[in-house]
Number of protein chains: 2
Amino acid sequence: MDAITIKDIGRALNLSTSTVSRALRGSYEISPETKRLVMEYAERVNYRPNPIALSLKENRSRVLGVIVPQIANNFFSQVINGIEAIAYNRGYHVIIMQSHENYEREIITVQQAVDRKVDGLLISLSSQTHDVSYLKALHEKNFPIVLFDRVSSELDTPQIIADNYGGAFAATEHLIQNGRRRIAHIGIPTYLSITKERLAGYRDALQQYELPYDETLIRHVNLGQHEVDPIVDDLLNQTPPPDAFFTASDRVALGCMAVLRRRGVAIPEQVALIGFTNVMVADLLAPPMSTVEQPAQEIGQLAAEQLIERIEAKRQLPPATTHKLPTRLIVRESSGLSQLTQNLPASA
Amino acid sequence: MDAITIKDIGRALNLSTSTVSRALRGSYEISPETKRLVMEYAERVNYRPNPIALSLKENRSRVLGVIVPQIANNFFSQVINGIEAIAYNRGYHVIIMQSHENYEREIITVQQAVDRKVDGLLISLSSQTHDVSYLKALHEKNFPIVLFDRVSSELDTPQIIADNYGGAFAATEHLIQNGRRRIAHIGIPTYLSITKERLAGYRDALQQYELPYDETLIRHVNLGQHEVDPIVDDLLNQTPPPDAFFTASDRVALGCMAVLRRRGVAIPEQVALIGFTNVMVADLLAPPMSTVEQPAQEIGQLAAEQLIERIEAKRQLPPATTHKLPTRLIVRESSGLSQLTQNLPASA
DNA sequence: TTGTAGGCGTTATCAA
DNA sequence: TTGATAACGCCTACAA
């Protein structure tokens, strides 16, 4: 590996490195003749500035750190897709790291990212993260941070989320309007903001239609584990059993579907199923599962934009706000492929 | 953002930077007393070496570049998962880039990665990549490259693939042994190595069981497009229609399943379906789709190991070889959850 | 045992 | 218009 430097160019052209540097950057104080000479030679030998040297000099790496609970997850890989699209356009690269849904690893990972001199951090909190004070400390040192999806109100950073409340409300409302009365809800860990919001949307929809809020129909599962089956079984063994499931995640929805299939329950004739999800394959397998789709890619894009804006901020920035992106309700009917997509307005 | 340097430590302790540097690295030529002093102070002020400065000095970035056709894909995100696991253990970070199944973008992306001074490259070729001479040139400059999944025999680099032939053979054999006679095969673009291997496995299985190789049952689809439906429809409209589908990718398998569902075809009673895949959700939705599962994570791990070995190679390395990882045949029967996993031996 | 000086590739300041 | 020098943070040969 050769790697041409400005020093090489200078030597070849009998110019000082500073002249070469200036010529390459098109500085006005270099004679057109010299400029041309340098440019042409650089082109010819395929000169590329060394970004590491630049990073050292400018004290910035042009790298964004992304920390997600796990990469091998449809939602997060789509978010990352959105992040990358923006990042590359703006000349940044992306280093992706995983917390594996583990609080301690999240702390270590964040530390690693900072040590690695990323210019800013995009984070979706692990499901075990109760305490964000370590992030708060970082943020107070003016380190650029943007949270997405799994956010925390304790942090005064930009937060990008789907309209979880609105999506859950719409899903529940849809089920009610289709005659469902006993709607089970399986959520993810209760202390996650997204869980609370989805539960609230569910609850408020019931309330609006004057249906009882039945605690026995509400369950929560941990992430990264496979404990859905017994919970679904348990719910189905109630008398009367639920006539619909609204699940707060794609994995849970699919687990739910598996149990229903196994028990020979017709979906959605006997039990309707609607998941808060973004699984592309659900599209292909549909019907019978309806979904509230999260704008994963847009979340990533907006998060990256916000972060880069803060990284490059020269003047005062507007205060950090929470950006809520609308979800889409996709209703898949059992018969044929009739599919109805409803773009939901953002809830207040 | 503060960021302590050895210079700061030296100033605080009245030592030269070299002494601090040596003390920190535990050099034998520093007095235990000084060492302790430095270590303790460094610990107290939370000193972290600047990796960028190190990179500049050592002319290595400790970053692996990973180039995949797309991130938002189950297979690749699992591979990346495997890569990360190894990389972090060995002190490397991973920058992920996408070719978007586009040859020109692949070239640009590889160039960007090299410009960015990654220490080596893990690549799965885009489906449009016919010509790998640009990689060959890079490889001949001794730049460490490892290919995985979408590989090319024209490159003399390590190549990590699933046992595509063996998996396809086993899948086809399984269908035959269960009485299927007209097995349709839908593959991906023909010039991809994985396509050829899977097709060969399919063909050889037919041959071994003395079934005809019927060209009209063979189709290919482009990646990243949604043109599966008409193809499946077309195949089903044959007389007699196929009694089984063997598809070379997860997306195709799911598209296939959607069409079968739409047409009310019972799976697998009327038409069996087996996909070369790694979709985790297929597990949850099963039955009725059987799968040949690729060891995605292991592919990533092995690829990363190979690459790091080559990056850090001090002495002569063994010649580049192709590593073929066994697949797993997972048969999902229609009734109940009876599921049979068969670990396939690697084919020759 | 510790300090000095030089260099990794680049740019900015100052001098010529 | 161009060149010499210093600096970013770290390491190491050489000197003391």
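How does the radius of gyration of chain A compare with that of a compact globule of 348 residues? In this predicted model, chain A comes out at 26 Å, while a compact globule with that number of residues would be near 20 Å. The box that holds its C-alpha atoms, taken along the principal axes, tells a similar story: it runs to roughly 90 × 45 × 35 Å. Inside that box sit 13 helices and 13 strands. Buried residues account for 48% of the 348 residues in the chain. As for how the chain folds back on itself, take the contacts between residues at least 6 apart in sequence: 71% of these link residues at least 24 apart.

Now for a closer look at one piece of chain A, strand E3 (residues 120-123). Its residues alternate, with A:Gly120 and A:Leu122 pointing one way and A:Leu121 and A:Ile123 the other way, yet all of them are buried. Strand E3 has two partners to look at here. With strand E1 (residues 63-68) of chain A, E3(A) pairs in the parallel sense over four bridges, and A:Val66 stands opposite A:Leu122. With strand E4 (residues 145-148) of chain A, the pairing is again parallel, over three bridges. There, A:Leu121 has A:Ile145 as its bridge partner.

A few spots in the backbone are a bit unusual. Most residues other than glycine have a negative phi, and most peptide bonds are trans. A:Arg62, in the loop between H4 and E1 of chain A, has a positive phi near 55 degrees. A:Glu101, in the loop between strand E2 (93-98) and helix H6 (103-115) of chain A, also has a positive phi, of about 55 degrees, without being a glycine. Are these two residues buried or exposed? A:Arg62 has 17 C-beta neighbours inside 10 Å, so it counts as partly exposed. A:Glu101 has 20 such neighbours and therefore counts as buried.

The peptide bond between A:Thr239 and A:Pro240 is cis, with omega about -10 degrees. A:Pro240 belongs to the loop between helix H10 (228-236) and strand E8 (244-247) of chain A. Chain B has a cis bond as well, from B:Thr239 to B:Pro240, with omega near -5 degrees; B:Pro240 lies in the loop between helix H10 (228-236) and strand E8 (244-247) of chain B.

How do the two chains fit together? A turn of 180 degrees and a shift of 0.1 Å along the axis lay chain B on chain A with an RMSD of 0.1 Å. The two copies are therefore related as by a two-fold rotation axis. In chain B, the C-alpha nearest that axis belongs to B:Ile95, at 2.5 Å. Because 100% of the interface residues of chain B are interface residues in chain A too, the copies meet through the same surface.

Both chains also reach the DNA. Around DNA strand C there are 25 residues, and those that come nearest are A:Thr5, A:Asn50, A:Ala53, B:Ser18 and B:Thr19. By class, this surface has 10 nonpolar, 10 polar and five charged residues. DNA strand D has 26 residues around it, with A:Ser18, A:Thr19, B:Thr5, B:Ser18 and B:Ala53 coming nearest. Two or more residues of that surface come from each of H2 and H4 of chain A and helix H1 (6-13), H2 and H4 of chain B. Which element gives the most to the surface near DNA strand D? That is H2(B), with five residues.

Note on methods
Residues are numbered from 1 along each chain as its sequence is written. Chains are lettered from A and ligands numbered from 1 in the order in which they are written. This is a predicted model: local features need pLDDT of at least 70, side-chain atom pairs count only at pLDDT 80 or more; totals for chains, interfaces and linings use all residues. The radius of gyration is taken over C-alpha atoms; the globule rule is 2.2 Å times the number of residues to the power 0.38. A residue is buried if 20 or more other C-beta atoms lie within 10 Å of its own, exposed if 12 or fewer, and partly exposed in between; C-beta atoms are placed from the backbone. Two residues are in contact if their C-beta atoms, placed from the backbone, lie within 7 Å. A residue is near a molecule or strand if its C-beta atom, placed from the backbone, lies within 6 Å of it. Ala, Val, Leu, Ile, Met, Phe, Trp, Tyr, Cys and Pro count as nonpolar, Asp, Glu, Lys and Arg as charged, and the others, Gly among them, as polar. Copies are superposed by least squares on the C-alpha atoms of residues with pLDDT of at least 70 in both. Two strands pair if DSSP finds at least two bridges between them.
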